[in-house]
Amino acid sequence: MSLDTVSETRCFGGRQVTFKHDSAATGTPMRVAVFLPPQAERGPVPVFWFLSGLTCTEDNFTQKAGAQRLAADLGLALVAPDTSPRGEGVPDDEAYDFGKGAGFYLDATEAPWSSNYRMRAYLEGELPELLGDALPLDMGRQGISGHSMGGHGSLTMALRDPDRFRAVSAFSPIVSPMNCPWGEKALSRYLGADRAAWRAYDACALIADGARLPEILVEQGTADPFLTEQLKPDLLEEACRGAGMALTLNRRNGYDHSYFFIASFIADHLRWHAARLGL
């Protein structure tokens, strides 16, 4: 497999590039946006992954978060993958919260979704290997963050593989898909009715089952319309407290679920990650 450049533009002395490649994991072409800071011209740089939420593509974080200026100063690469497989023949659903744009960062086991919806395998194996081979990235220094569904993805990926990520954070994450309408719909249709199989994709369940991280940073707006029904940060707070795990949960008064919220605090997260990645 190889990376094909879809677009490239100069940005704060670095390069903002969108790549396309054929994925063995999903059986489809996939896109990923990568910002390479100017330091990457001299050698490998640490990586900050950002997983986006429902309905998003690789462009949302890249175009709306305003992260490149500080990433260029810090010498930090930004990697923003797509949220699901796409293309002709890929199963889909009319609802915004299932199917294309709503891959939930899992490997589906139920037909017809299991043929393509394998975002866990894609992000935990295929894509980092491909990028590490092709680009000047220091894959020994990785951090991960995400928003909403992507916050769920960042937390669960890190909890399953704590040795891969030195820093973990999230914006408005779905902390317990097993206990909210978005998650129950997605997990039941992608994975089937056995709730035991869902636990690998639920941050609170993973913590209850013994998964540990040194620390987690979470931003949550108090005016988020999904706060009470879908996000439920109190469940993560309770799980971390019970496990003796460090959680910084910043409740931001008056902020909502939008990229205005992410843009307001992305610099805090980049600096937090940079410190833990040795920058």
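I began by fixing my terms: a polar contact is a pair of N or O atoms within 3.5 Å, where within protein one must be able to donate a hydrogen and the other to accept it, and residues adjacent in sequence count only if both atoms are side-chain atoms.

This is a predicted model, in which local features need pLDDT of at least 70 and side-chain atom pairs count only at pLDDT 80 or more, while totals for chains, interfaces and linings use all residues. Residues are numbered from 1 along each chain as its sequence is written, and side-chain values use heavy atoms, with hydrogens and water left out.

**Serine 23**

I found serine 23 in the loop between strand S2 (14–22) and strand S3 (29–36); helices (H or I, at least four residues) and strands (E, at least two) are DSSP runs, numbered from the N terminus. I then looked up which backbone nitrogens the serine 23 side chain meets: that of alanine 25 at 3.2 Å, and that of threonine 26 at 3.1 Å. Serine 23 is buried at 6% relative accessible area (buried means under 20%, exposed over 50%, partly exposed in between; 1.4 Å probe, protein chains only).

**Strand S6**

Next I turned to S6, residues 137–146, where seven of ten residues are buried. I checked its neighbours, counting two strands as paired if DSSP finds at least two bridges between them. Strand S4 (residues 45–51) runs parallel to S6, with six bridges; here phenylalanine 50 partners serine 145. Strand S7 (residues 165–171) is also parallel to S6, over three bridges, and I noted glycine 143 with alanine 167 as bridge partners.
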